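Trainee: I would like to go through the helix packing and one of the pockets. Can we take the terms one by one?

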Amino acid sequence: MNIIQLLQTCFRSILRNRMRSLLTSLGVIIGVGSVIIMVALGEGSQREIESRITSMGTNLLQIIPMRRATRSGQQMMMRQSAFTKRDVDKLRDESSFAVAVSGVVNTSATVTGSEGNAQVSIMGVEPDFSIARNYFVDAGIFFDEEDLIARSMVAVLGRTTAKNLFGNAESALSQRIRIGINYFTVIGLLQTKGAGLGGNDQDDVVIVPLDTAMTRLNNSRNINNIVMSVFSKEYMDAASNEARLILCESRGISDVANADFEVMNQADMIDMASATSRTLTTLLAAIAGVSLLVGGIGIMNIMLVSVTERTREIGIRMAVGGRKRDILFQFLTESVILSLMGGLLGIGLAFLACHLLATMGMPTAINPMIVIISALFAAMVGIVFGYYPALKAARLYPIDALRYE
């Protein structure tokens, strides 16, 4: 029996009981579809996390004061040493890897505009902050070094804040906002950034000059954290180590191991998030893959039933010259075709489900390699679980098969 005749015979047998064939393949359909969907959701989430981390800045280092426990008598007290302008200036002047360095003062206050008020996150920063954190204006301007030195009462608004305070974001330019008892002139609107890593709205923000924030809003010389952009991703670790040395020298710390601050590497954050996402995706895919095995068992059961139903047919084929291997290949091919049909339908189902999930706002990313592997695995399921029924059919004795009722 040549390959064309073999396929024709198999398809006739499968199409003879269309509904049973479809139900037989259902386990494989669900299994393949589930694996692809789970992996697509995992990879989509991973890319979303990486995108949100990257939106925080390019090759970013964030340096934050670290709380340390100190014992006083029987009590434990938490001490946190803030940064100073001297620390920031020294890091900017001496770092050989930095593209932009900025101190950051964080606070929150009720901000009032002509059309309303809102509780908004306020950041006092230096001009380099826009480069380090990718906060660029698309209307108006960002404040410069002169505004910083003069402690100018100017502000740059995120799109969400501008809309909340003035109804229409574009109308906020050149308008005045009130923060506490202080009035600031809006000189720029930031480009839309969307949600941050923790889901917070990065567009709901007011940015003012660092010195202005320290004197007018916080009444303090303390700087909450430092952001630093490195010119190349390859030098992130070197830049991190150098920043520790420079800041330890600035703060009079002789041993880097005793540093009262922490340098957070953006690349490490991405790697950590990616590793966690990959682990979760693998676990979900493995759980979904169990249904493939269940589908394989279903195929084996139906093929065993098919062998029993077609015993006389097998006997006739053997009587007219059919060889055992022809019978084996016929039933094995039917099993593989059933499994592959289920795999292809599962792939189609997965593409449709991922499209629907994307329209609902859930990030998905279908990996072509996973699709190919799923199809091959479906074929393997057909071979593994179809071999025993095919072998049973091939081992029938022609006389006993012809006499079977």
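Mentor: Yes. Keep in mind that this is a predicted model. Start with α11 and α12: α11 passes α12 in a right-handed crossing.

Trainee: What makes α11 roughly antiparallel to α12?

Mentor: The angle. Helix α11 (residues 324–359) and helix α12 (residues 368–394) pack at about 150°. Angles over 145 degrees count as roughly antiparallel. That value makes α11 roughly antiparallel to α12. Their axes lie 7 Å apart.

Trainee: Which classes of residue make up the contact of α11 with α12?

Mentor: There are 20 nonpolar, 5 polar and 1 charged.

Trainee: Why are α10 and α11 called oblique to each other?

Mentor: Helix α10 (residues 311–319) and α11 cross at roughly 140°. Roughly antiparallel needs an angle over 145 degrees, and roughly perpendicular covers 65 to 115. The value falls in neither class, so α10 and α11 are oblique. Their axes come within 10 Å.

Trainee: Which residues make that contact?

Mentor: From α10, Glu313, Ile314, Arg317 and Met318. From α11, Ile327, Gln330 and Phe331. By class, that contact of α10 with α11 divides into 4 nonpolar, 1 polar and 2 charged.

Trainee: How do you know that α3 and α8 are oblique to each other?

Mentor: By the same kind of check. Helix α3 (residues 85–94) and helix α8 (residues 236–250) pack at about 135°, with axes 9 Å apart. The limits are 115 degrees for roughly perpendicular and 145 for roughly antiparallel. The angle lies between those limits, so the pair is oblique. The crossing of α3 and α8 is right-handed.

Trainee: Which residues meet there?

Mentor: Arg86, Asp87, Lys90, Leu91 and Glu94 in α3 meet Glu242, Ala243, Ile246, Leu247, Glu249 and Ser250 in α8. The contact of α3 with α8 has 4 nonpolar, 1 polar and 6 charged residues.

Trainee: Now the second largest pocket. What puts a residue in its lining?

Mentor: An atom within 4 Å of a pocket point. The residues that line the second largest pocket are Val35, Val39, Ala285, Ala286, Gly289, Leu292, Ile370, Ile373, Ser374 and Phe377. α2 (18–55), α9 (266–309) and α12 each supply at least two of the lining residues. About 220 Å³ of space lies in this pocket.

Trainee: How many of the lining residues are polar, and why does Gly289 count as one?

Mentor: The lining has 8 nonpolar, 2 polar and no charged residues. Gly counts as polar in this scheme, so Gly289 goes with the polar residues.

Note on methods. Residues numbered from 1 in each chain as written. Predicted model: local features only at pLDDT ≥ 70, side-chain atom pairs only at ≥ 80, totals over all residues. Heavy atoms only, no water. Axes fitted to C-alpha atoms, helices over the stretch in contact; angles between N-to-C directions. Helix = DSSP H or I, 4+ residues; strand = E, 2+ residues; numbered from the N terminus. Parallel < 35°, antiparallel > 145°, perpendicular 65-115°, else oblique. Left-handed = near helix turned anticlockwise from the far one by under 90°. 1 Å grid on protein atoms, 1.4 Å probe; cavity = no way out; pocket = protein on both sides within 12 Å on 5 of 7 lines; lining within 4 Å. Points joined across faces, edges and corners; volume = space filled by probe spheres on them. Contact = heavy atoms within 4.5 Å.
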